There are 2 protein chains.
Amino acid sequence: MAAVSSPSRRRTEALSRERIVDAAVALLDDAGEGGLTFRALSQALATGPGAIYHHVANKEELLAAATDAVVAGTLADEPDGTPQDKVRALALGLFDAIDAHPWVAGGLTASSWQATSPRIFEKVGRQVRDLGVPHDRWFTVTSVLVQYILGAAAQNAANARILGPDVDRDEFLGAVSTTWEELDTDEYAFTRTVADQMRSHDDREQFLEGIDLVLAGIGTTVRPTGTPVMPASPSRS
Amino acid sequence: MAAVSSPSRRRTEALSRERIVDAAVALLDDAGEGGLTFRALSQALATGPGAIYHHVANKEELLAAATDAVVAGTLADEPDGTPQDKVRALALGLFDAIDAHPWVAGGLTASSWQATSPRIFEKVGRQVRDLGVPHDRWFTVTSVLVQYILGAAAQNAANARILGPDVDRDEFLGAVSTTWEELDTDEYAFTRTVADQMRSHDDREQFLEGIDLVLAGIGTTVRPTGTPVMPASPSRS
DNA sequence: GAGGTTCGTGGAACAATGTTCCAATCGTTG
DNA sequence: CAACGATTGGAACATTGTTCCACGAACCTC
């Protein structure tokens, strides 16, 4: 069905799923997550809302497709180096992509478990395999890495969304830091002592340190020779 | 303002912010994230939508308040044991709460960075401090732990939402596993080999293994004596 | 090439949502 | 007891996702 014939066009410029998804990404990028409406999309494509529904089932599927487009683009280039380096490059690529397109975080949570997540899982999993992790722990370790990557990126995106493109980052961090310093002395004893660290922290750097922390944890389950051992964490019931 | 006098009631049962939030939680619990509408809430409270707006600014604030109510309840009881044990108990409590109320994941991402997140941050941070992590790394390490906990819980909740209350979990996992086994041999070589592990995995168990992995990573930055060292991860540029 | 058929189109219409507005009403205060 | 302010709750509004359907262009058959 819908066999694409020669370079013939229908009336305007041939409405296609790809063109719709591209327009959706553009709309999401400069109007935020709430900026994607079927009416705005219709106008951008010079058509009516009804036409779009012939190519996309509903808004959820559209958001998933837009999310997948961005993630697939990020995952396209192959990093090189040690497995650890590849994990860092992979993770940072996703982090930066979600930072640039904050709506991707919501799109990943919403659905897209169908196509997008397996893509990420595969890329990360191969590095876990090459790390020398024992086979029976591949699924768990890969899942943990993916969960941290997407979780940290999503929370960073949530902060970025509060910030908006117009608010000054340093100013915002300073305000939050000040708020923390004024919290209750007893109830928030710990938070108060790290208020200054929060003021001067760098999000990407912190994210990478988290990746290194997880990699270090994985390292404790693998002997230098590659012989696997159980995690070195303290007693568990 | 709004001084609560003696046990007098207005016309019905005295509409209060607390009563509204409680009703919102109940509504979210048995109708899902989309079940919270001001009309359904009005009906549940036997009032009109306008009345609610006198106690709550908008839907976003309402969702944040509902989220905070659930999280605060979870964080109420103090665990005991080693710092590691406390982190596990804390994390598992949050994981279970988000699993029971999947809409909390969305609520945490949306806003509530105001009150809820600092609460979690403080609780986790105290354990990081007791773990012997050097002071200048408290903020980063705590952030990473919180990011993993909330990220993993959120993704688990997303899966649970697809599942719904009526779909059989084993059946669903089996279906996904079969889908993975039928993926492209080259493009998804890794994912195919762990399809059977995904079929038989336990979400809570996997989450705890993730916590242990991060804790093990943290352990590499702290000597047994408590003397801090840098992470044991391989070279970084 | 002409006719019929199919499919994409796009605008109107529908139900439901968050939010605002305001008159009626209650509890409290002078 | 009267006046006032806070609370109430229902109607109204703008906007959303989605459905429906008449129109018309492209394709296939003869």
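How many aromatic pairs does the structure hold over all chains? Keep that in mind for a second while I say hello, and while I mention that what you see above is a predicted model. The count, taken over all chains, is 16 aromatic pairs.

Let me start with one inside chain A. A:F95 and A:F207 form a stacked pair, with 4.5 Å from centre to centre and 20 degrees between the planes. If you want to find these two on the screen, look for A:F95 in helix 5 and A:F207 in helix 12 of chain A. They sit 112 residues apart, so this pair links distant parts of the chain. And are the two rings buried or exposed? A:F95 has a relative accessibility of 3%, so it counts as buried. A:F207 is at 2%, and therefore counts as buried too.

Now a pair that crosses between chains. Here A:F190, in helix 10 of chain A, meets B:W138, in helix 8 of chain B, which runs over residues 138–163. Their ring centres are 5.5 Å apart and the planes stand at 35 degrees, so we call this pair tilted. The stacked label needs planes under 30 degrees apart, which is why 35 degrees misses it. A:F190 is buried at 1% relative accessibility, and B:W138 is buried as well, with a relative accessible area of 13%. There is also an aromatic cluster with members from both chains: A:F121, A:W138 and A:F139 join B:W180 and B:F190.

That brings us to the interface itself. Chain A and chain B each put 61 residues into the contact. Between them they bury about 5700 Å², and 60% of that is on carbon and sulfur atoms. On the polar side, 18 residue pairs are in polar contact across the interface, counting pairs with both residues at pLDDT 80 or more. Which parts of chain A supply the side that touches chain B? Helices 5, 7, 8, 10, 11 and 12 each give at least two residues. Helix 8 of chain A has the largest share, with 17 residues. Sorted by class, this side of chain A has 24 nonpolar, 22 polar and 15 charged residues.

What about salt bridges between the chains, how many are there? The count is two. One to look at joins the side chains of A:R137 and B:E209, at 3.0 Å from N to O.

Let me step back to chain A as a whole. It has twelve helices and zero strands, so please don't go looking for a sheet. Of its 237 residues, 47% are buried. Among contacts in chain A with a separation of 6 or more, 62% are between residues 24 or more positions apart. The stacked pair of A:F95 and A:F207, 112 residues apart, is a nice one to picture here.

One last stop, away from the rings: A:T37. You will find A:T37 in the loop between helix 1 (17–31) and helix 2 (38–45) of chain A. With a relative accessible area of 34%, A:T37 is partly exposed. Its side chain reaches the backbone nitrogen of A:A40 at 3.0 Å. The C-alpha atom of A:T37 is also 8.4 Å from that of A:K59, which is 22 residues away along the chain.

That's my tour, and I'm happy to take questions.

How values were computed: Residues numbered from 1 in each chain as written. Chains lettered and ligands numbered in written order. Predicted model: local features only at pLDDT ≥ 70, side-chain atom pairs only at ≥ 80, totals over all residues. Heavy atoms only, no water. Contact = heavy atoms within 4.5 Å. Buried area = accessible area lost by both parts, 1.4 Å probe. Salt bridge = Lys/Arg side-chain N within 4 Å of Asp/Glu carboxyl O. Polar contact = N/O pair within 3.5 Å; in protein donor to acceptor, adjacent residues only side chain to side chain. Helix = DSSP H or I, 4+ residues; strand = E, 2+ residues; numbered from the N terminus. Nonpolar A, V, L, I, M, F, W, Y, C, P; charged D, E, K, R; others polar. Phe/Tyr/Trp six-rings, centres within 6.5 Å; stacked < 30°, edge-to-face > 60°. Buried < 20%, exposed > 50% of the residue type's maximum accessible area, 1.4 Å probe, protein only.
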